[in-house]
Amino acid sequence: MTLGPSELILNTNGSIYHLNVLPEDIADTIITVGDPDRVSEVSRFFDSVELRKSNREFHTHTGTLQGKRLTVISTGIGTDNIDIVLNELDALVNINFESRTVNSEKRTLDIIRIGTSGAIQPHIPVDTFLLGEYAMGFDGLLYYYEDSASVLHGEMARAFIAHSDWAAQKAQPYVVQSDGILGKKLHSNRIRLGITATNTGFYGPQARKLRLQVQNDGWLGTLASFRYQGKQITNLEMETSGIYGLARLLGHRAVSMNCILANRVTGEFSKDPKKATLELIAYCLEKICA
């Protein structure tokens, strides 16, 4: 099947529409960060940088560290942006732009999200590094794709729906597991494991109140008290469920590494968030290149 111009949208220079990069511009190991300014904070660790491109909030640097080619790209905030980034990264490696057809042989990307997050368990201190073994999404993104049930942990999601007395007017929660092989590569005794909850916003969806009251005042407590086979929801952020779900559907490997900057239960916030985040970046790069 040939993909039409309104489906596979290319720029005049042949690059993919939003990311503005060519197939040869990206490596097989992709680091995603939310903040465009964090791209250079990652690539500064590279031994050399061969490419720097940007379009909108999507900034891309590709280079080499210890002989390994790496790409770091900013996604912006939210699973709506993740939908763009994951689909366009896959198109770059698995669609022939000249013939506009899907390649018969598929390439697999390793995708590592390095991001910041807030803990909802009192025993998780700020500046902790946490790997989301599972992601619980409240965004509804995966339900727009056929066969999404094949990559979802339906039993855990149903247990949470029952636990939370989930409101019918909200998108149904879904659960996706991280890639075990890539997770093992990034894990050590320095890393905590947990269930990362992906929210559709930063304020109301994460029970923050400024001038607006929230629909469920006990939301954080509901999240924190959930247990499934000894596992608990540990932290909140806004991208991981989309990354895990789309990566699994498209045949890629993905892991989300979180630097805990805030603890919502104790009210603490990191005294040096930039230092903590740079330490997580250095840790991940060391593990990736080992």
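Which residue of strand 12 does Ala119 stand opposite? In this predicted model, the partner of Ala119 is Asn235. That pairing offers a convenient way into strand 7, which spans residues 110–119 and serves as the starting point for this description.

Strand 7 and strand 12 (residues 231–237) run antiparallel and are joined by two bridges. With strand 13 (residues 253–263), strand 7 pairs in the parallel sense, over 10 bridges; here Arg113 stands opposite Ser256. Strand 1 (residues 29–33) also pairs with strand 7 in the parallel sense, over four bridges, and Ile31 has Ile112 as its bridge partner in strand 7. Strand 7 is mostly covered, with nine of its 10 residues buried.

A short walk beyond strand 1 leads to Gly34, in the loop between strand 1 and helix 1 (36–43). Leaving aside residues up to four places away in sequence, Gly34 touches Ser74, Thr75 and Gly76. Gly34 can also be placed relative to strand 7: although Gly34 and Arg113 are 79 residues apart along the chain, their C-alpha atoms are separated by 8.5 Å.

Attention now turns to the nonpolar interior. The largest nonpolar core has 32 residues, and those touching the most other members are Ile16, Leu19, Leu86, Leu89 and Leu92. Helix 2 (79–94), strand 9 (174–177) and helix 6 (240–250) are the elements that give two or more residues to this core. Of these, helix 2 provides the largest share, seven residues. Leu92 gives a helpful close-up: not counting residues up to four places away in sequence, its contacts are Ile16, Leu19, Val21, Leu22, Pro23, Ile26 and Phe97. Apart from this core lies another, of 28 residues, whose members include Val39, Ile112, Cys259 and Leu285. Ile112 thus links the two parts of this account, as a member of that second core and as the bridge partner of Ile31.

What, finally, makes up the nonpolar surface patch of about 340 Å²? Phe202, Tyr203 and Leu210 form this patch. Phe202 sits in the loop between strand 10 (191–198) and helix 5 (219–225). With a relative accessible area of 41%, Phe202 is partly exposed. Because that value is over the 30% required of patch residues, Phe202 meets the accessibility condition for belonging to a patch.

Key. Residues numbered from 1 in each chain as written. Predicted model: local features only at pLDDT ≥ 70, side-chain atom pairs only at ≥ 80, totals over all residues. Heavy atoms only, no water. Buried < 20%, exposed > 50% of the residue type's maximum accessible area, 1.4 Å probe, protein only. Pairing = 2+ DSSP bridges. Core = buried A, V, L, I, M, F, W, Y, C linked by side-chain atoms within 4.5 Å. Contact = heavy atoms within 4.5 Å. Patch = residues over 30% accessible without salt bridge, like charges linked within 9 Å, V, L, I, M, F, W, Y side chains within 5 Å. Areas by Shrake-Rupley, 256 points an atom, 1.4 Å probe, with all protein chains shown as cover. Salt bridge = Lys/Arg side-chain N within 4 Å of Asp/Glu carboxyl O.
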